[in-house]
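Work through the exercises below with the structure open beside the text. Try each task before reading its solution.

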Amino acid sequence: MGSAVRTALIKLCEFLLTALLVSFFTFAAFAIIPGDTARVMLGPEASEEQVEALREELGLNEPLAERYFDWLGNAFRGDFGNSLSFGNPVGDLIASRLPVTLGMSLIALIFVVAVSFPMAAVCSRNPGSIKDKSLSTAGHILFAIPPFALSMMLILFFSKVLHIFTAGRYTAPSDNFGAYLVSLLLPSLCIALPKVAMTFKFLRASMIEFSQGDFVRTAKSHGLSDLRIMLKHIIPNSAVSSVTVISLVLSDIMGGSLIVEQVFNLPGLGRLLLSAISRRDFPLLSGIVFYLAMMTVLLYFLADVISAMIDPRIRDGRAA
Amino acid sequence: MRSSTASRRYLYTGGILLSIVLAFFILGLFWTPYGINETDAASKFLAPCAEHIFGTDNLGRDVFSRCLVAARYTLLVSFTGVAYALVIGTLAGLIAGYNGGIIDKIIMIFSNGIMCFPGILLALVAVAVFGPSLFNVIWALGLVFAPTFARVYRTSTIELLGRDYILQAKLMGIHPLRIMFVHILPNLMSQVLPAVIIGLANMTLFESGMSYLGLGVQPPAASYGKMLSDAQSYMVSAPWLIIFPTLMRVCYILGLYFISEWVRTSVKGGSK
């Protein structure tokens, strides 16, 4: 038990260290802007007084280390200052856009898991069969289509051919939760499909590996059904590594939603991020980047904890 | 290298797909049927026909010519970006794996830190801070991909460290740098090659995403991502504006994918 506590402590330390590092990267990226930050933000037409006032407001006249710790302390309390282009607090702006981005990421994740597991299970039973080959090829092709091109094709198909979808229509979850889910369904599908291909490929390889294991042969000789072997023996064994893959996929899904939102014209974090970039709104930009990166750090940490919980080798610190 | 029928099929399919892209690239260097920004008010939105085999866009520009030229940016960004990532990743991975201990820990924590930024996000930040240009996109994407290579190199280096010839080299007092680059590096090619090929494919996906958002390849240059974002408003009336650039991208990525499958299966002996 002692080693389990030690493993947990090490993981926690690593998590905190990574979080600190990520916060530093975020801060540093906006501290090393070439030239005078305030001047860059306001553009060449601004007067010297305006630039000086902004410099004062952003605390640019203070030493770098002090600025970092101020920024970090505020950031962890959710206070990223005020957006320059919208005027509202950055935290509020991010919170107002979250339902879209988080909702889409979650639906996409559910979709990835729900599709890639059965696909991998079917393919790994008879590797090299027609079923396996056609599903694998379909996976390759899905992987090769960029999400935004896929989005356009699906919009074209669903709205112009089937007439059951209107791109750009979004309902807030507080107004009508059902309509909210429906409006996010197609964009989530566009993010998920390329990731299905990735997850599927990985799961298939790991399931094939496990289905050649001794324990599967023993289970077969005991007369257990194929379905039971798959559910009780192969899937639990490949679960550990799949948690890691899914955490990687989640970070990709969040990145993908930044682009797909643009195609579907949805008011999510991606749109906010792009408008922050085009208006050179650095407080807003660093707030969003910090938020998204911290989410990812947390996800990786959770994946680590979950895989440690389901894998006795890691849990007891034998293979850590 | 032994290769089975299945893996040879991967090679042929991948080879054909990549040759199409390569042919476009080479042809585009020397000749295009029309100028890529040559507008023609009389021939807007022409469907594919004898004069314009891929059709024309909203300004009457020839899509085929633009596809020819766009191939060079796809190849440029993917190859230079991966080369850049490979240099950083190789150095970091070899040093971390060879030395172990505290140096290893520091390098790995740094690489984990970078991996916590969704790839496209880091590229967007680089563009926001340093301005939209192809060069900024390339180095930012290179930075995003470096940790992947560093990990592959680190793991394989650690595996090799226990081998007799490495121990012998150490006993002979050969300089660690020489051991890393002369004795270890050449032995890791088979592990690194698939990662490089997949890196090329992923790099292309990110690059087209950035160009789609208008932050990658800048006009007047033509890129598949930008062509698609321009075509979005006309996709119902002129679907060829979307189909051909997408097909080019799919050709390139699928081609790379099949080649990586070929490398993987033929190195292993070709059973899976």
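The exercises that follow go from chain B as a whole to its helix pairs, its contact with chain A, and single sites.

The model is predicted, so local features need pLDDT of at least 70 and side-chain atom pairs count only at pLDDT 80 or more, while totals for chains, interfaces and linings use all residues. Residues are numbered from 1 along each chain as its sequence is written, and chains are lettered from A and ligands numbered from 1 in the order in which they are written.

**Exercise 1. Describe the make-up of chain B.**

Step 1. Count the elements: chain B has 10 helices and zero strands. Helices (H or I, at least four residues) and strands (E, at least two) are DSSP runs, numbered from the N terminus.

Step 2. Take the extent: along the principal axes, the C-alpha atoms of chain B fill a box of roughly 75 × 50 × 30 Å.

Step 3. Find the buried share. A residue is buried if 20 or more other C-beta atoms lie within 10 Å of its own, exposed if 12 or fewer, and partly exposed in between, with C-beta atoms placed from the backbone. Of the 272 residues in chain B, 47% are buried.

Step 4. Set helix 6 (residues 164-171) of chain B beside this: among its eight residues, the count of buried ones is zero. After helix 6 of chain B comes B:Gly173, with a positive phi near 75°.

**Exercise 2. Describe how helix 1 and helix 2 of chain B pack.**

Step 1. Two packed helices are described by the angle between their axes and the distance between the axes. Axes are lines fitted to C-alpha atoms, for helices over the stretch in contact, and angles run from 0 to 180 degrees between N-to-C directions.

Step 2. For helix 1 (residues 5-30) and helix 2 (residues 63-99) of chain B, the angle is about 110° and the axes are 7 Å apart.

Step 3. Classify the angle: under 35 degrees is roughly parallel, over 145 roughly antiparallel, 65 to 115 roughly perpendicular and the rest oblique. Helix 1 and helix 2 of chain B are therefore roughly perpendicular.

Step 4. List contact residues (C-beta atoms, placed from the backbone, within 7 Å). Helix 1 of chain B supplies, among others, B:Phe24 and B:Phe25, and helix 2 of chain B supplies residues including B:Leu68 and B:Arg72.

Step 5. Sort them, with Ala, Val, Leu, Ile, Met, Phe, Trp, Tyr, Cys and Pro as nonpolar, Asp, Glu, Lys and Arg as charged, and the others, Gly among them, as polar. The contact of helix 1 with helix 2 of chain B has 10 nonpolar residues, one polar and one charged.

**Exercise 3. Do the same for helix 8 and helix 9 of chain B.**

Step 1. Helix 8 and helix 9 (residues 224-231) of chain B meet at about 40°, with axes 7 Å apart. That makes helix 8 of chain B oblique to helix 9 of chain B.

Step 2. Residues in this contact include B:Met210 and B:Tyr212 of helix 8 of chain B and B:Lys226 and B:Leu228 of helix 9 of chain B. The division is four nonpolar, five polar and one charged.

**Exercise 4. Describe the side of chain B that touches chain A.**

Step 1. In total, 33 residues of chain B are in contact with 39 residues of chain A.

Step 2. Helix 4 of chain B gives the most to this side, with nine residues.

Step 3. By class, the side of chain B has 24 nonpolar residues, seven polar and two charged.

**Exercise 5. Is A:Thr26 buried or exposed?**

Step 1. Locate A:Thr26: helix 1 (residues 2-31) of chain A.

Step 2. A:Thr26 counts as buried, because 25 C-beta neighbours lie inside 10 Å.

Step 3. Beyond its neighbours within four places in sequence, A:Thr26 is in contact with A:Ser286, A:Val289, A:Phe290 and A:Ala293.

Terms used:
Contact = placed C-beta atoms within 7 Å.
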